[in-house]
Amino acid sequence: MGDGPAQAVSTANPDAPQASALQTLLREATKEVHGRIDSHPLLSVVARGKPAQEAYSRALRVLDWIWRDWQPILEQDQRRWLGDDGALLSPRTAWLAQDLAALAIPPLDIAPQPPAPARDAAEAAGRLYVAEGATLGGWRLYQRLAPALGLNSHSGARYFHGHGEATQRHWRRVWEILEASPARRQPQQAADAARTLFADLERRLDLAAARLR
Ligand code: HEM
């Protein structure tokens with residue numbers, strides 16, 4: 001997983017339509033940082049083998065803190081720049097709250113550090129790519145994690161389950177929006193915004209890891 005999603009698990013799907021230029025650019029621009037996220041100690045424990053319940057709980061706690069900061073701003077970005085009513089952005093804070101409640105995990109107490117809002121549609125599009133791309137990896141992980149930990153989407157694995165069997169359909173819908181957005185004409189700005197959001201994620205994982213030491 002350390003080399004990014006393309007090498008973590010084969011992502012080649014023979015039925016998938018050929019990637020667009022924007023898709024290829026976003027994927028390439030974030031491949032390296034995604035690889036580092038996959039192998040971050042807080043997340044790699046859930047990505048490999050059979051995680052201990054404690055490591056799984058810690059990952060959920062940190063993800064909950066991150067998404068509570070991200071979600072309202074990303075929703076605002078979608079409404080303002082992409083004409084979306086917010087429905088496209090997966091309800092991750094609700095999913096994580098459900099998991100924390102099911103497993104009696106206390107939320108992480110780190111002061112909120114919301115990211116600045118997107119400055120234009122290309123930035124909003126790059127961020128949407130990052131946020132919703134996470135549902136792809138999440139669903140893959142769920143298929144291994146859920147049986148290994150004896151969980152399901154009602155008993156503590158709602159976040160990783162995400163859209164479940166509908167994940168690919170959701171991802172296609174996200175791409176319809178991305179391809180219809182100005183990101184198509186400003187792909188570099190979208191790619192920079194995607195990389196910046198990933199960098200924020202990495203910084204938060206390091207911060208949380210230091211707090212939980
Ligand atoms: C919150 C953290 C994460 C974010 C924001 C994120 C983001 C993304 C994005 C943007 C994509 C789409 C790549 C593409 O263009 O096809 C993706 C795919 C993927 N991610 Fe992550 N990811 C995260 C955590 C993880 C972790 C911990 C793993 C574990 C190994 C992982 C594994 C994968 C895999 C396997 C795919 C490809 C899935 C497929 O094509 O079906 N991701 N992720």
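**Loops, helices and a nonpolar core**

Ser 155 sits in the loop that runs between helix 6 and helix 7. The model looked at here is a predicted one. With 14 C-beta neighbours inside 10 Å, Ser 155 counts as partly exposed, because that number falls between the cut-offs of 12 or fewer for exposed and 20 or more for buried. Pro 91 is 64 residues away from Ser 155 along the chain, and the C-alpha atoms of the two are separated by 17 Å.

Another loop, the one between helix 4 and helix 5, holds Leu 89. Here the picture is a buried residue, since Leu 89 has 21 other C-beta atoms within 10 Å and 20 or more is what it takes to be called buried. Leaving aside residues up to four places away in sequence, Leu 89 touches Leu 74, Glu 75, Gln 78 and Ala 131. The C-alpha atom of Leu 89 is also separated by 6.9 Å from that of Glu 132, although their positions lie 43 residues apart along the chain.

Next comes the nonpolar core. The largest one has 53 residues, and those touching the most other members are Leu 63, Ala 125, Leu 128, Ala 190 and Ala 194. At least two residues apiece come from helix 2 (21–38), helix 3 (41–47), helix 4 (53–82), helix 5 (92–102), helix 6 (121–149), helix 7 (158–161), helix 8 (167–180) and helix 9 (187–212). Helix 6 gives the largest share of this core, at 13 residues. As for Leu 63, its contacts include Leu 96 and Tyr 159, with residues up to four places away in sequence not counted.

Helix 6 also pairs up with helix 8. Their axes come within 10 Å and cross at roughly 170 degrees, so helix 6 and helix 8 are roughly antiparallel to each other. On the helix 6 side, the contact is made by Ala 125, Leu 128, Tyr 129, Glu 132, Thr 135, Leu 136 and Trp 139, and on the helix 8 side by Thr 167, His 170, Trp 171, Val 174 and Leu 178. Sorted by class, that contact has 8 nonpolar, 3 polar and 1 charged residues. Two residues named for the core, Ala 125 and Leu 128, thus turn up again in the contact of helix 6 with helix 8.

Helix 4 is not straight throughout: a kink of about 30 degrees lies at Trp 70, shortly before the proline Pro 72. Just after helix 4, Gly 83 takes a positive phi of about 65 degrees. A positive phi shows up at Ala 104 as well, near 55 degrees, and this residue is not a glycine. Most residues other than glycine have a negative phi. Ala 104 belongs to the loop between helix 5 and helix 6, and it is exposed, because just 8 other C-beta atoms lie within 10 Å.

Two helix residues round things off. Ala 94 is part of helix 5 and counts as exposed, with 12 C-beta neighbours inside 10 Å. Its C-alpha atom is separated by 22 Å from that of Leu 82, 12 residues apart along the chain. Leu 212, in helix 9, likewise has 12 C-beta neighbours inside 10 Å and counts as exposed. The C-alpha atoms of Leu 212 and Arg 58 are separated by 8.5 Å, with the two residues 154 apart along the chain.

Key. Residues numbered from 1 in each chain as written. Predicted model: local features only at pLDDT ≥ 70, side-chain atom pairs only at ≥ 80, totals over all residues. Core = buried A, V, L, I, M, F, W, Y, C linked by C-beta atoms within 7 Å. Helix = DSSP H or I, 4+ residues; strand = E, 2+ residues; numbered from the N terminus. Contact = placed C-beta atoms within 7 Å. Bend = angle between axes of the 7 residues up to and from the residue. Axes fitted to C-alpha atoms, helices over the stretch in contact; angles between N-to-C directions. Parallel < 35°, antiparallel > 145°, perpendicular 65-115°, else oblique. Nonpolar A, V, L, I, M, F, W, Y, C, P; charged D, E, K, R; others polar.
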